[in-house]
Amino acid sequence: MVPSGKREGSFFDLVYQVARQIPEGRVTSYGAIASCLGTKLSARMVGWAMNGAHDQPEHVPAHRVVNRVGLLTGRHHFKTPTEMQDLLEKEGIKVEENKIVDFEKVFWDPAKSLL
DNA sequence: ACGCTGACTATTA
DNA sequence: CTAATAGCCAGCG
């Protein structure tokens with residue numbers, strides 16, 4: 001089961017802030033964010049944090065966060081499974097079969113922004 | 001307080 | 001190539 005009404009305590013809040021730093025037309029991976037936070041081994045927590053992002057008062061571009069291969073693994077958690085892909089395509093990101101095309105080209109490194 | 005689960009990643013077989 | 005296993009951390013019952 002997955003916790004829904006949780007409260008941002010620390011790690012989650014960091015994930016949300018990093019996710020908001022993702023520029024349009026760019027995407028990042030859970031591992032990249034986790035690494036940026038220092039918990040690079042806990043990429044799961046990042047994805048889980050996204051679950052709570054849904055509840056955040058601010059818009060968290062969770063649709064710009066995908067797994068390491070650019071696969072839209074989290075699309076199932078959206079209101080609609082097509083919303084994630086639709087949003088990415090609107091930003092100029094090509095998506096095919098739930099996977100980001102040219103993932104390496106649109107990949108955005110969070111650590112780079114915090115540099 | 002303990003155990004289970006999970007939108008991941010890397011390694012091994 | 002695919003399948004299985006281990007590591008990580010935090011919230012809920």
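**Group meeting: the protein at DNA strand B**

Okay, let's start at His-77: an N or O atom in its side chain sits 3.0 Å from a phosphate oxygen of DNA strand B. That's a polar contact, a pair of N or O atoms within 3.5 Å. Before I go on, this is a predicted model, so local features need pLDDT of at least 70 and side-chain atom pairs count only at pLDDT 80 or more, while totals for chains, interfaces and linings use all residues. Residues are numbered from 1 along each chain as its sequence is written, chains are lettered from A in the order written, and side-chain values use heavy atoms, with hydrogens and water left out.

Arg-68 also touches a phosphate oxygen of strand B, this time through a backbone N or O atom at 2.6 Å. Met-50 goes for a base instead: one of its polar backbone atoms is 2.9 Å from a base nitrogen of strand B.

So who else is around? In total, 18 residues surround DNA strand B, where near means a heavy atom within 4 Å. Arg-44, Met-45 and Trp-48 are among the closest. H3 gives the largest share of that surface, seven residues; helices here are DSSP runs of H or I, at least four residues.

Now the helix pair. H2 (residues 30–37) and H3 (residues 43–53) pack at about 105°, axes 8 Å apart, with axes fitted to C-alpha atoms over the stretch in contact and angles running from 0 to 180 degrees between N-to-C directions. They're therefore roughly perpendicular, the label for 65 to 115 degrees.

Conventions. Helices (H or I, at least four residues) and strands (E, at least two) are DSSP runs, numbered from the N terminus. Angles under 35 degrees count as roughly parallel, over 145 as roughly antiparallel, 65 to 115 as roughly perpendicular and the rest as oblique. A polar contact is a pair of N or O atoms within 3.5 Å; within protein, one must be able to donate a hydrogen and the other to accept it, and residues adjacent in sequence count only if both atoms are side-chain atoms.
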